[in-house]
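Biologist: I have a model open and would like to learn how to read it feature by feature. Could you walk me through it?

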Amino acid sequence: MRFRQIIALAGAIFLAFSASPASAHTVLVNSIPQSESIISSLPPEITITFAEELIDIGNSNSIEVFDSSGEDMSQGQVTVAGPTLSKALITSEKTGIYKVEYRAVAADGHVIKGEFTFSVEPSGVTTAEIKVDPITNSPSSSGNKLSIYLILSATAIIGGLLILIFIWKKRAK
């Protein structure tokens, strides 16, 4: 009877430590203009699309577009429509490298921050005309090391219990 109690306790501990929430986060899948693209003029708005739905709570989502001198070229409020953020841009003839910084809140509550650049150059052929594949980024690490520590702790506890069971069984013979 004692052996069954130990096994049941070990199983309960294992289940308690192995049931951890998923740590996958949404990722940027597309943007207009695209990352590292070269376009002939600044578009009227910037659009960033993620793999999952976003939530709109106060000013939790943001997009800022900076020209090469550091001036913010975005204006107005960020619009959230499903998995897409968009924001109007100031009309400008400025050329050069533009930096986009974004912050989005996924439906699961995780905050996604990132940045990318694109260039505006008045030329005949642009990469926006050539490039057709959407942006795909791999998920970034959340920095949450708690899950690995729980798994290691559960493994150590179960391993220790199994060693104790084998020693106890050997002495009982």
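Modeller: We will go from the overall layout to the sheet, then to the aromatic rings, single residues and the surface. Keep in mind that this is a predicted model.

Biologist: Happy to start wide. How many helices and strands are there in the protein?

Modeller: Three helices and eight strands. Read from the start of the sequence, their order is α-β-β-β-β-β-β-β-β-α-α.

Biologist: And what share of the residues counts as buried?

Modeller: Of the 173 residues, 29% do. The accessible surface comes to about 11,100 Å², and 60% of that belongs to carbon and sulfur atoms. Look at the contacts too: taking those between residues at least 6 apart in sequence, 64% join residues at least 24 apart.

Biologist: Now the sheet. How do I read one?

Modeller: The general idea is that strands of a sheet pair through backbone hydrogen bonds, in either a parallel or an antiparallel sense. Here you can follow an open sheet of four strands in the order β2-β8-β7-β4, and its pairing is mixed.

Biologist: Which strands stand at the edges?

Modeller: β2 (38-39) and β4 (62-66). Each has a single partner strand, so one side of each is left without a neighbour in the sheet.

Biologist: In which sense do β4 and β7 pair, parallel or antiparallel?

Modeller: Antiparallel, over five bridges. To see the register, find E64, whose bridge partner in β7 is E101. Then find F66, which stands opposite K99 of β7.

Biologist: Over how many bridges do β7 and β8 pair?

Modeller: Over ten, again in the antiparallel sense. One pair to look for is V105, which stands opposite V111 in β8. The hairpin of β7 and β8 has five residues between the strands, and G109 takes a positive phi near 95° there.

Biologist: What should I expect of the side chains along such strands?

Modeller: In a regular strand they alternate between the two faces of the sheet.

Biologist: Let's turn to the aromatic rings. How many aromatic pairs does the count come to?

Modeller: It comes to three, for rings with centres within 6.5 Å of each other. For F50 and Y102, the ring centres are 5.7 Å apart and the planes lie at 65°, so this pair is edge-to-face. F50 belongs to strand β3 and Y102 to strand β7 (residues 96-105), so the pair ties together parts that are 52 residues apart in sequence.

Biologist: Are F50 and Y102 buried or exposed?

Modeller: F50 counts as buried at 2% relative accessibility, and Y102 is buried with a relative accessible area of 8%. Another pair, Y98 and F118, is stacked, with 5.4 Å from centre to centre and 10° between the planes. Y98 lies in strand β7 and F118 in strand β8, so here the pair ties together parts that are 20 residues apart in sequence. Both partners are buried: Y98 at 0% relative accessibility and F118 at 1%.

Biologist: Which residues form an aromatic cluster?

Modeller: F50, Y102 and F116 form one.

Biologist: How do I read the surroundings of a single residue, say I112?

Modeller: Place it first, then list what it touches. I112 lies in strand β8 (residues 111-120) and counts as buried, at 10% relative accessibility. Beyond its neighbours within four places in sequence, I112 is in contact with T26, F50, Y102, R103, A104 and A106. I112 and Y102 are ten residues apart in sequence, and their C-alpha atoms are 8.0 Å apart.

Biologist: Let me try T47. Which residues does T47 touch, not counting those up to four places away in sequence?

Modeller: N30, S31, I32, T84, L85 and S86. T47 is found in strand β3 (residues 45-50). At 17% relative accessibility, T47 counts as buried, because the cut-off is under 20%.

Biologist: Last, the surface. Which residues form a nonpolar patch there?

Modeller: F3, I7 and W168, which together have about 270 Å² of accessible area. F3 lies in helix α1 (residues 2-18). F3 is partly exposed, with a relative accessible area of 33%.

Notes:
Residues are numbered from 1 along each chain as its sequence is written. This is a predicted model: local features need pLDDT of at least 70, side-chain atom pairs count only at pLDDT 80 or more; totals for chains, interfaces and linings use all residues. Side-chain values use heavy atoms; hydrogens and water are left out. Patches are made of residues with over 30% relative accessible area and no salt bridge: like charges are joined within 9 Å, nonpolar side chains (Val, Leu, Ile, Met, Phe, Trp, Tyr) within 5 Å. Accessible areas come from the Shrake-Rupley method with a 1.4 Å probe; for residues, only the protein chains shown count as cover. A salt bridge is a side-chain nitrogen of Lys or Arg within 4 Å of a carboxyl oxygen of Asp or Glu. Helices (H or I, at least four residues) and strands (E, at least two) are DSSP runs, numbered from the N terminus. Buried means under 20% relative accessible area, exposed over 50%, partly exposed in between (1.4 Å probe, protein chains only). Contact means heavy atoms within 4.5 Å. Rings of Phe, Tyr and Trp (its six-membered ring) pair if their centres lie within 6.5 Å; planes under 30 degrees apart count as stacked, over 60 as edge-to-face and the rest as tilted. Two strands pair if DSSP finds at least two bridges between them.
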